[in-house]
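Welcome to a short set of exercises on reading a protein–DNA model. Try each task with the structure open, then follow the solution step by step.

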Number of protein chains: 2
Amino acid sequence: MADARVTSPNPGNPADARVDGSDLITDIEFLVARVRALGSRAANGALAPLGLRVRQYAVLSLACGSISPTQRDLAEFLELDPSQVVAVIDDLQASGLVERTQDPRDRRVNIVQATPHGRSVYAEARVAIAAAREQSLHKLTTEERATLTELLLRVAF
Amino acid sequence: MADARVTSPNPGNPADARVDGSDLITDIEFLVARVRALGSRAANGALAPLGLRVRQYAVLSLACGSISPTQRDLAEFLELDPSQVVAVIDDLQASGLVERTQDPRDRRVNIVQATPHGRSVYAEARVAIAAAREQSLHKLTTEERATLTELLLRVAF
DNA sequence: TATTGTTATACTCTATAACTATA
DNA sequence: TATAGTTATAGAGTATAACAATA
């Protein structure tokens, strides 16, 4: 480890000042957890008027894609247990945003697709999410956001 | 948005292939959530033999620092509700890893400090966490890790 | 009157195991 | 025998509100 003693980026904050000096502040996992906590709180707030949460948003997004994922695909891609996917899709289906269709070639698998109403809600949700993201990432330039995306992508898959 | 249609970084994975084409894959919040899910799962696994979870590890880390944070400081820094901090510290105190000491200047506040045993356990935990981190970040060079840390730090605070 | 820590409650997320229907 | 989806359950994480002690 290069440098365990780091200055807080926000010395005006008394809470930051008091915990300054901990090596936690250079711990990528801690930083990721903190950014996730802030980000998903903001995203859930932005999605609340649409009756969605981030999980539902993620599944709806994939169901709006051109690929028509199975429930298993969704579980793997979203790092969820298949049983959790069931609950999210039950929820989205009850709201009329997605549909399950049995794959005729293998009747065990369900293909998940967005309804027209689902696509319309997703379009609104994207706008809401983008606004929240702009708020969260306002300190980063466009280039820095691209770099961050690229690095996270390499770690994520 | 520059380019919503992106190729999966891992075309060999059938799940990735099927959901490929979704704009979710360029969504920083989604990537952060996925990296966090993978990272905290790995970290919790690495900490399990020590009887810790990531939350307890974070509080213990700060309690081992030179600053002696109050419970309020911990809540703000870790983005936890003060009532959640109570539960984590109860847990760590029951294991003899940290102690609460009343601030003589303001008897409402508790200062949280690691015990000698807590410092010893923390030293072991750091090693375990570092090994898990090496696994999670093996695709990134040292320079890239530093860049990722710096960018996350700017978003986190 | 405001703040620190605390208790209580409810809801969401996560992890696991067992079951069914298909293959 | 193995896989996709489902049900059930328990434990951890998250969000709120109310309270006692202290300032």
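The exercises below go from one chain to the pair of chains and then to the two DNA strands.

Before you start, note that this is a predicted model in which local features need pLDDT of at least 70 and side-chain atom pairs count only at pLDDT 80 or more, while totals for chains, interfaces and linings use all residues. Residues are numbered from 1 along each chain as its sequence is written, chains are lettered from A and ligands numbered from 1 in the order in which they are written, and side-chain values use heavy atoms, with hydrogens and water left out.

**Exercise 1. Describe the fold of chain A.**

Step 1: Find the elements. Chain A has seven helices and two strands; here helices (H or I, at least four residues) and strands (E, at least two) are DSSP runs, numbered from the N terminus.

Step 2: Put them in order. Starting at the N terminus, the pattern is α-α-α-α-α-β-β-α-α.

Step 3: Look inside. Of the 157 residues in chain A, 48% are buried, meaning under 20% relative accessible area with a 1.4 Å probe, protein chains only.

**Exercise 2. Characterise the interface between chain A and chain B.**

Step 1: Count the residues. In chain B, 62 residues are in contact with 62 residues of chain A, where contact means heavy atoms within 4.5 Å.

Step 2: Find the area. The two chains bury about 6,800 Å² between them, with 65% of it on carbon and sulfur atoms. Buried area is the accessible area (1.4 Å probe) that two parts lose on being put together, summed over both.

Step 3: Look for charged pairs. There are twelve salt bridges between chain B and chain A, each a side-chain nitrogen of Lys or Arg within 4 Å of a carboxyl oxygen of Asp or Glu. One of them joins B:Arg133 to A:Asp27, with the closest N and O atoms 2.8 Å apart.

Step 4: Name the main contributor. On the side of chain B that touches chain A, helix 2 of chain B gives the largest share, 14 residues.

Step 5: Sort by class. This side of chain B has 34 nonpolar, ten polar and 18 charged residues. Ala, Val, Leu, Ile, Met, Phe, Trp, Tyr, Cys and Pro count as nonpolar, Asp, Glu, Lys and Arg as charged, and the others, Gly among them, as polar.

**Exercise 3. Describe the surroundings of DNA strand C.**

Step 1: List the neighbours. DNA strand C is surrounded by 20 residues, and A:Arg55, A:Asp81, B:Gln71, B:Arg72 and B:Arg100 are the closest. A residue is near a strand if one of its heavy atoms lies within 4 Å of it.

Step 2: Check which DNA atoms are involved. Of the strand C atoms within 4 Å of the protein, 64% belong to sugar or phosphate, and the rest to bases.

Step 3: Inspect the phosphates. A polar side-chain atom of B:Arg100 is 2.7 Å from a phosphate oxygen of strand C, and a polar backbone atom of B:Asn110 is 2.9 Å from a phosphate oxygen.

Step 4: Find the main element. Helix 5 of chain B gives the largest share of this surface, three residues.

**Exercise 4. Repeat the analysis for DNA strand D.**

Step 1: Of the 20 residues around strand D, A:Gln71, A:Arg72, A:Arg108, B:Arg55 and B:Asp81 come nearest.

Step 2: A side-chain N or O atom of B:Arg55 lies 2.7 Å from a phosphate oxygen of strand D, and A:Arg36 places a polar side-chain atom 2.8 Å from a phosphate oxygen.

Step 3: Helix 5 of chain A supplies the largest share, three residues.

Step 4: The surface near strand D has three nonpolar, six polar and eleven charged residues.

Terms used:
A polar contact is a pair of N or O atoms within 3.5 Å; within protein, one must be able to donate a hydrogen and the other to accept it, and residues adjacent in sequence count only if both atoms are side-chain atoms. Buried means under 20% relative accessible area, exposed over 50%, partly exposed in between (1.4 Å probe, protein chains only).
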